[in-house]
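Work through the exercises below with the coordinates open. Each task is followed by a solution in steps.

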Amino acid sequence: MSDESKRDAEYWDQVEEATELLQEHNFQDALHALRDVIKANPQNPYAYYFLGHALYELGQLEPARDAYRAAVRLSPAYLGARVALSHTLRMLGDLRGAIEEGEKALKQAPNDGDVFFALGMAHAERGDKEAARRYLHKFLDSRPEFEAAQEARAVLAEIEREDEDDDVN
């Protein structure tokens with residue numbers, strides 16, 4: 001096992017307890033556990049990613065954004081952190097930033113459904129209907145989870161309604 005693989009495995013081991021707390025929806029305890037991990041090892045990108053996840057779930061979007069950014073800064077190839085950052089930026093109204101992060105993720109993983117979803121949602125929010133359609137249809141083609149697929153379909157339906165209203169006016 002390479003040194004990098006060993007370090008990665010150590011990073012995962014360090015966040016194991018916190019990820020269990022997250023799965024149990026025990027976000028406050030997960031926050032405390034992750035902050036302890038970060039104090040002990042501030043180079044652990046998974047700790048920052050899961051910290052972002054806990055903060056996002058608690059509605060603390062700006063600190064979540066900062067945690068996701070830290071994860072991406074420590075591990076630029078961390079696709080999940082970049083996609084989460086894109087969604088969080090969109091939720092904060094930074095649509096340009098959300099699309100930029102989504103495009104970086106797309107370069108890393110040109111066929112990833114989660115990337116298509118992030119880009120589709122950001123473009124929809126920005127009002128770029130064609131790009132939103134393109135990415136959301138690619139997302140649906142990736143056979144996503146039911147809940148996310150329903151959200152994408154709802155956005156696509158809203159775009160279609162807006163187009164019909166535009167045609168009437």
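## Exercise 1: Contacts of R133

Leaving out residues up to four places away in sequence, R133 touches L156, I159, E160 and D163. The model is a predicted one.

Task: Place R133 in its helix, classify its burial, and list its side-chain polar contacts.

Solution.
1. R133 lies in helix α8, which covers residues 129-141.
2. The relative accessible area of R133 is 13%. Buried means under 20%, so R133 is buried.
3. One polar contact, of 2.6 Å, links the side chain of R133 to the side chain of E130.
4. Another polar contact, of 3.0 Å, joins the side chains of R133 and E160.
5. For the backbone, take R133 and L156: they are 23 residues apart along the chain, and their C-alpha atoms are separated by 6.6 Å.

## Exercise 2: The partner E160

Task: Determine the helix of E160 and whether E160 is buried, partly exposed or exposed.

Solution.
1. E160 belongs to helix α9, residues 146-168.
2. Its relative accessibility is 36%. The partly exposed class lies between 20% and 50%, so E160 counts as partly exposed.
3. E160 is also 31 residues from K129 in sequence, with a C-alpha to C-alpha distance of 9.2 Å.

## Exercise 3: Helix α7

Task: Check the length of α7 against the expected rise, then describe its cover and its two ends.

Solution.
1. Helix α7 has 14 residues, 113-126. The expected span is 1.5 Å times one less than the number of residues, so α7 should span 20 Å.
2. The C-alpha atoms at the ends of α7 are 20 Å apart, which agrees with the expected span.
3. Ten of the 14 residues in α7 are buried, so the helix is mostly covered.
4. The buried residues are G113, V115, F116, F117, A118, L119, G120, M121, A122 and H123.
5. At the start of α7, a side-chain oxygen of D112 comes to within 2.9 Å of the backbone nitrogen of D114.
6. After α7 comes G127, with a positive phi near 95°.

## Exercise 4: A buried glutamate

Task: Give the location, burial class and contacts of E101.

Solution.
1. E101 sits in helix α6, residues 95-108.
2. With a relative accessibility of 11%, E101 counts as buried.
3. Setting aside neighbours within four places in sequence, E101 is in contact with R82, L85, S86 and L89.
4. An α-helix has 3.6 residues a turn, so residues three or four places apart point the same way.

## Exercise 5: The whole chain

Task: Summarise the secondary structure, extent, burial and charge of the protein chain.

Solution.
1. The protein chain holds nine helices and zero strands, in the order α-α-α-α-α-α-α-α-α.
2. The C-alpha trace spans about 60 × 35 × 25 Å along its principal axes.
3. Of the 169 residues, 45% count as buried.
4. The accessible surface comes to about 9700 Å², and carbon and sulfur atoms account for 45% of that surface.
5. Among contacts between residues at least 6 apart in sequence, 47% join residues at least 24 apart.
6. The chain carries 20 positive and 35 negative charges, and the mean positions of the two sets are 6 Å apart.

Notes: Residues are numbered from 1 along each chain as its sequence is written. This is a predicted model: local features need pLDDT of at least 70, side-chain atom pairs count only at pLDDT 80 or more; totals for chains, interfaces and linings use all residues. Side-chain values use heavy atoms; hydrogens and water are left out. Helices (H or I, at least four residues) and strands (E, at least two) are DSSP runs, numbered from the N terminus. Buried means under 20% relative accessible area, exposed over 50%, partly exposed in between (1.4 Å probe, protein chains only). Contact means heavy atoms within 4.5 Å. Accessible areas come from the Shrake-Rupley method with a 1.4 Å probe; for residues, only the protein chains shown count as cover. Lys and Arg count as positive and Asp and Glu as negative; His and the chain ends are not counted. The place of a charge is taken as NZ of Lys, CZ of Arg, CG of Asp or CD of Glu. A polar contact is a pair of N or O atoms within 3.5 Å; within protein, one must be able to donate a hydrogen and the other to accept it, and residues adjacent in sequence count only if both atoms are side-chain atoms.
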